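The following exercises concern helix packing and the nonpolar core of a protein chain. Please work through each task before reading its solution.

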Amino acid sequence: MVVAGLAGCGQSPLIRRDDDTYRRSIEHFQRTRQLIAASLAPDEDQAIFEQAEGVFRYRFEPPGRSAGAYLVQATASFIDLPVLEAVAGALDLYSLRLRANDAAVQLWETLLDRAPATPLRPLTLYRLGWAYRNAIAPGLPRSSALAFDELAAKFPGSALAALAAEARRLPYKSQGAATAWSIVPGLGQMYTGHYASGAVRLAIAAAAATAIIVPGVRAYQRGSDFSLRHDWPLIAVAVAGAAVLAIDYSSSYQDALATALEHNERAEAAFEASHPTAP
């Protein structure tokens with residue numbers, strides 16, 4: 001009941017009317033629909049592509065996280081109950097943004113698998129080149145570079161091939177690398193260019209680790225003299241340190257993924273702004 005009440009104090013989960021990010025994504029989707037229709041691809045191919053495009057273009061400025069979301073995330077990080085992790089995800093709409101590219105990739109790869117000769121193949125490969133940069137799910141059949149390379153190799157005379165060659169050279173932040181760096185809280189943020197945030201998270205992790213290690217060393221030194229009755233402050237400090245470290249790990253990992261996504265979307269938007277003909 002407390003969590004539900006705190007969650008209700010957050011902002012509305014609906015997309016704001018003045019959300020420029022969402023407005024731009026809608027405008028881009030409408031332009032892409034015209035390209036899809038002009039391709040004269042079969043209706044089923046067009047339907048699958050539009051499904052993927054809609055998910056890929058589902059971009060909005062996420063609402064501020066409520067106190068309930070922070071509370072449940074902190075509790076889930078420390079207690080590690082699956083039900084609390086599910087509630088924490090449900091209270092945070094940004095998780096939709098983080099996984100949207102996985103859904104888009106799945107649909108576009110399904111289209112290429114079912115209709116290898118579809119007229120939409122060049123555009124699909126071009127979209128996959130961008131979407132794979134933010135994909136998280138394992139087992140997907142190719143990568144960003146492979147999608148762009150296939151487009152350039154199989155459709156060398158198309159305008160999309162030239163755009164793909166430029167896009168392939170554009171640096172981006174890998175979700176996999178952000179995850180790997182986040183094994184140490186703060187390094188994921190430094191990888192995505194957020195050095196101040198990374199330094200703060202790293203300092204918190206170091207302080208929490210110290211709060212765990214020092215009481216343990218003191219307890220070992222005390223040996224048989226150690227007792228719960230007299231040394232409970234050491235135990236309390238160690239427990240508090242473990243809780244802070246767990247929360248720091250969880251929040252740092254999620255933030256690293258989010259900042260990597262934001263970096264890539266800004267780079268993509270800048271590329272599209274400098275290439276007005278890009279689909």
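**Exercise 1.** Determine the handedness of the crossing of H3 and H7, and state which residues make the contact.

*Solution.* Step 1: the crossing of H3 and H7 is left-handed, a term used if the near helix is turned anticlockwise from the far one by less than a right angle (right-handed if clockwise). Step 2: H3 contributes Phe 49, Glu 53 and Phe 56 to the contact, while H7 contributes Leu 123, Thr 124, Arg 127, Trp 130 and Ala 131; contact means heavy atoms within 4.5 Å. Step 3: sorted by class, five of these residues are nonpolar, one is polar and two are charged. Nonpolar here covers Ala, Val, Leu, Ile, Met, Phe, Trp, Tyr, Cys and Pro, charged covers Asp, Glu, Lys and Arg, and the others, Gly among them, are polar.

The model is predicted: local features need pLDDT of at least 70 and side-chain atom pairs pLDDT 80 or more, whereas totals for chains, interfaces and linings use all residues. Residues are numbered from 1 along each chain as its sequence is written, and side-chain values use heavy atoms, without hydrogens and water.

**Exercise 2.** Classify the relative direction of H3 and H7, then that of H6 and H7.

*Solution.* Step 1: the axes of H3 and H7 come within 12 Å and cross at roughly 25 degrees. Axes are lines fitted to C-alpha atoms, for helices over the stretch in contact, with angles from 0 to 180 degrees between N-to-C directions. Step 2: H3 and H7 are therefore roughly parallel, the class for angles under 35 degrees (over 145 is roughly antiparallel, 65 to 115 roughly perpendicular, the rest oblique). Step 3: H6 and H7 pack at about 155 degrees with axes 10 Å apart, which means that H6 is roughly antiparallel to H7.

**Exercise 3.** Which residues of the largest nonpolar core touch the most other members, and which helix gives the most to this core?

*Solution.* Step 1: a nonpolar core is a set of buried Ala, Val, Leu, Ile, Met, Phe, Trp, Tyr and Cys residues joined through side-chain atoms within 4.5 Å; buried means under 20% relative accessible area, exposed over 50%, partly exposed in between (1.4 Å probe, protein chains only). Step 2: among the 30 residues of the largest core, Phe 49, Trp 108, Tyr 126, Leu 128 and Trp 130 touch the most other members. Step 3: H7 gives the most, with six residues. Helices are DSSP runs (H or I, at least four residues; strands are E, at least two), numbered from the N terminus.
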